[in-house]
Amino acid sequence: MRERPRPPAPGRSAPDASAPGPPPRIRPPHATRVEVPSAFGRLARATAAEIVKLRGLPSVSVTGFATMISSAAISGALAASAPPGSPAIPLAVQGVAFCQAGLIALGVLAVGTEYAGCQIVTTLATIPNRTLLLVGKATAYLIGAAAMAAAAIGAGLAAAWAILAGWGATAVDWGPVWPMVGAAVYLVAMGLLAFAVATLLRSLIAPLVGMSSLVFVVSPLLTGIGQYGHWLPDQAGALLYGQGDGTARTPVAGALVLAGWIAAVMLAAGVRFFRHDA
Amino acid sequence: MSPAGPGGRPDQSPSRCQVSRGLAVALLRLVGAELRKIATLPSSWIAVGVAAVGSLGITLLNSSTVRGAVEKGQLDAVAYTTPAEAVFSAAPIGTVGAVVLGVVAISSEYTANSTGAGAGRQIAATLTTAPNRLAVLGAKVLATVLSVVGMAVIAVPTSLVAAYLAFGEPIASTDLADTAARSGGVAIYWTLTALMALAVTAVTRSGIVPLIVFIVNSSLVSVSFLLTRLTWLAYYLPDAAGIRLFGRDTLGLFDRALDPLTGGLVMAAWTLTLLAASAAVLTCRDA
């Protein structure tokens, strides 16, 4: 069996010329050098592979378009029922409460489709380093989610502007800008939580049903009965784009609670992903 | 089969009565098969568990909050003071369970057994054993109705008993008829929602889109109720139409909603339309 030329292992110095040993092989001119990429390079490759996978899912493009359209429709409806002269940005970001379904779906799809069949086996065969895989997957999700969140909020703003300004007939009061940024951060963060839940549960349907029931059913039911709901991830995160009520419930506190949820679930998901068989 | 002849045995071709009895038996067998499929899916039992335990949990939280407010005399802090309201305001949780039951009844047929070569989908086996697609759809509809009604029979009385125990007051006789009507209304609402989810899944063949759409819209702060701020026509949307089947407007959210009978009929019309569309798609399209 012919021995293939191998690159020197990293961390090992090149053999000394004076040392005894086999004479150095002369590399044939057609042999290509196999380069071992740096850690950053490997992460970039893993991320690129995950982006290709994410882009190849029909459900992802459907989700993206549906999120944009529903954001525009909801913000437009809110603007149409708002009194004239209302600021556009705080109105448009209210549509985020519904658009988060799209980001939750994106986060679940990024992981859940691996477990819908046995694609995870192929994935781990190509990237055996699980840390690299998880970080690459999360980075790919974050890139896709940032684009989707920006598109959804942009569509909502455009619809609100079109209704409020009568297609540019009158000037529009935009209002404060920070709720827009907060809304984008909130959307990406809720999707990241769904990503973590899907990694923990290793399934497609269960995290999708669990996250959407939590956000759209349990959370509204708990608002009517006291303070229980304030600690839920969506109600804490909503402080990022909502109006503060002048108490300790500030955007920073809300962001910290939401980050705590994500960190806790991600930690559990990471432990399961590293320790268990695929 | 021998034709009847002089001195031969009489014609044994089945009579119309025998044919219809045979069809009924075949349909019953199909319904039994579909019920067995639903009962062996883990998602179905999770759905029933979420509906029953979730309803019970929210009911108990509601009850303790209302009871605390009543004992402190803060009546304006709560929207209602009856045990029945504590139960029926938790109904959206059961709607989630119903949606999951309706979706997985179809989507499980189309899930590939594996992504490797030679993997098949259950729908191929189903249509081989029962080639009549309308009969398969009908059996699935009946099996889903039975499962959702069974779920309601477990979830609603449990929550009602828990709420009455938590409130600690005797059941008033005038309350009972209304409570029974609303319990039936919840079962109808859940069933119709499950059937709509089933019909949509039969068209999409994947459970993801119908799950998201129906769960988002099963909440009391749904897109439909947002649209009712714009136009009264939104009260004719499927989820908003049937809301008075069990809901009483304690929060002033849907003061102009359709009354229970009209709303239920509108919701049933939506369901029938969607089922007809799914039947058309199922019979015209390759599996």
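What follows is a conversation about how to read the helices, contacts and a few single residues of this predicted model.

User: Let's start with chain B. How many helices and strands does its secondary structure come to?

Analyst: Chain B has 11 helices and 0 strands. Reading along the sequence, you get α-α-α-α-α-α-α-α-α-α-α.

User: And what share of the 287 residues of chain B counts as buried?

Analyst: In chain B, 42% of the 287 residues count as buried. Sequence separation is another thing to look at. Take the contacts in chain B between residues at least 6 apart in sequence: 72% of these join residues at least 24 apart.

User: How do I check a single helix, say α1 of chain B? What should its 24 residues span?

Analyst: Use the rise of 1.5 Å a residue: the 24 residues of α1(B), residues 16-39, should span 34 Å, and the end C-alpha atoms are indeed 34 Å apart, so the two agree. You can do the same with α11(B), residues 260-284: its 25 residues should span 36 Å, and its end C-alpha atoms are 36 Å apart, which agrees.

User: Which residues of α1(B) are buried? And what covers them?

Analyst: B:Leu30, B:Glu34 and B:Ile38 are the buried ones in α1(B). Their cover includes α2, α4 and α6 (133-167) of chain B. For α11(B), the buried residues include B:Trp270, B:Met267, B:Leu274 and B:Leu282, and B:Pro260 and B:Gly263 are buried there too.

User: Now the helix pairs. What numbers describe two packed helices?

Analyst: Packed helices are described by the angle between their axes and by the distance between those axes. In chain A, try α2 (residues 58-81) against α6 (residues 130-164): the axes come within 7 Å and cross at roughly 30°. Angles under 35 degrees count as roughly parallel, so α2(A) is roughly parallel to α6(A). The crossing of α2(A) past α6(A) is right-handed.

User: Which residues of α2(A) and α6(A) meet?

Analyst: On the α2(A) side, they include A:Gly64, A:Met68, A:Ala72 and A:Ala79. On the α6(A) side, A:Met148, A:Ala152, A:Gly156 and A:Ile163 are among them. By residue class, this contact of α2(A) with α6(A) divides into 14 nonpolar, 6 polar and no charged.

User: What about α4(A) and α6(A): at what angle do they pack, and how far apart are their axes?

Analyst: Helix α4 (residues 96-116) of chain A packs on α6(A) at about 160°, with the axes 10 Å apart. Angles over 145 degrees count as roughly antiparallel, and α4(A) and α6(A) are therefore roughly antiparallel to each other. Their crossing is right-handed. The contact uses residues including A:Cys99, A:Leu103 and A:Val111 from α4(A), and A:Lys137, A:Tyr141 and A:Met148 from α6(A). The classes here are 11 nonpolar, 3 polar and 1 charged.

User: Let's turn to the two chains together. How many residues does the contact take from each chain?

Analyst: Interface size is often given as the accessible area lost when the parts come together, but here we'll go by residue counts. The contact takes 31 residues from chain B and 25 residues from chain A. On the chain B side, α2 (42-72), α4 (91-110), α8 (208-217) and α9 (223-227) each supply at least two residues. The largest share of that side, 6 residues, is from α8(B). Its residues divide into 21 nonpolar, 9 polar and 1 charged.

User: Some single residues now. Where is A:Arg202, and what is its phi?

Analyst: A:Arg202 sits in the loop between α7 (178-201) and α8 (205-223) of chain A. Its phi is positive, about 55°, although A:Arg202 is not a glycine. A:Arg202 counts as partly exposed because it has 18 C-beta neighbours inside 10 Å.

User: And what about B:Arg205 in chain B: where does it lie?

Analyst: B:Arg205 lies in the loop between α7 (173-204) and α8 of chain B. It has a positive phi of about 65° and is not a glycine. With 18 C-beta neighbours inside 10 Å, B:Arg205 counts as partly exposed.

User: One last pair: how far apart are A:Ile143 and A:Thr47?

Analyst: A:Ile143 is placed in helix α6 of chain A, and it is partly exposed, with 14 other C-beta atoms within 10 Å. A:Ile143 and A:Thr47 are 96 residues apart along the chain, and their C-alpha atoms are separated by 9.5 Å. For another pair, take A:Thr250 and A:Ala146: 104 residues apart in sequence and 24 Å apart in space, C-alpha to C-alpha.

Notes:
Residues numbered from 1 in each chain as written. Chains lettered and ligands numbered in written order. Predicted model: local features only at pLDDT ≥ 70, side-chain atom pairs only at ≥ 80, totals over all residues. Helix = DSSP H or I, 4+ residues; strand = E, 2+ residues; numbered from the N terminus. Buried ≥ 20, exposed ≤ 12 C-beta atoms within 10 Å, placed from the backbone. Contact = placed C-beta atoms within 7 Å. Nonpolar A, V, L, I, M, F, W, Y, C, P; charged D, E, K, R; others polar. Expected span 1.5 Å × (residues − 1). Axes fitted to C-alpha atoms, helices over the stretch in contact; angles between N-to-C directions. Parallel < 35°, antiparallel > 145°, perpendicular 65-115°, else oblique. Left-handed = near helix turned anticlockwise from the far one by under 90°.
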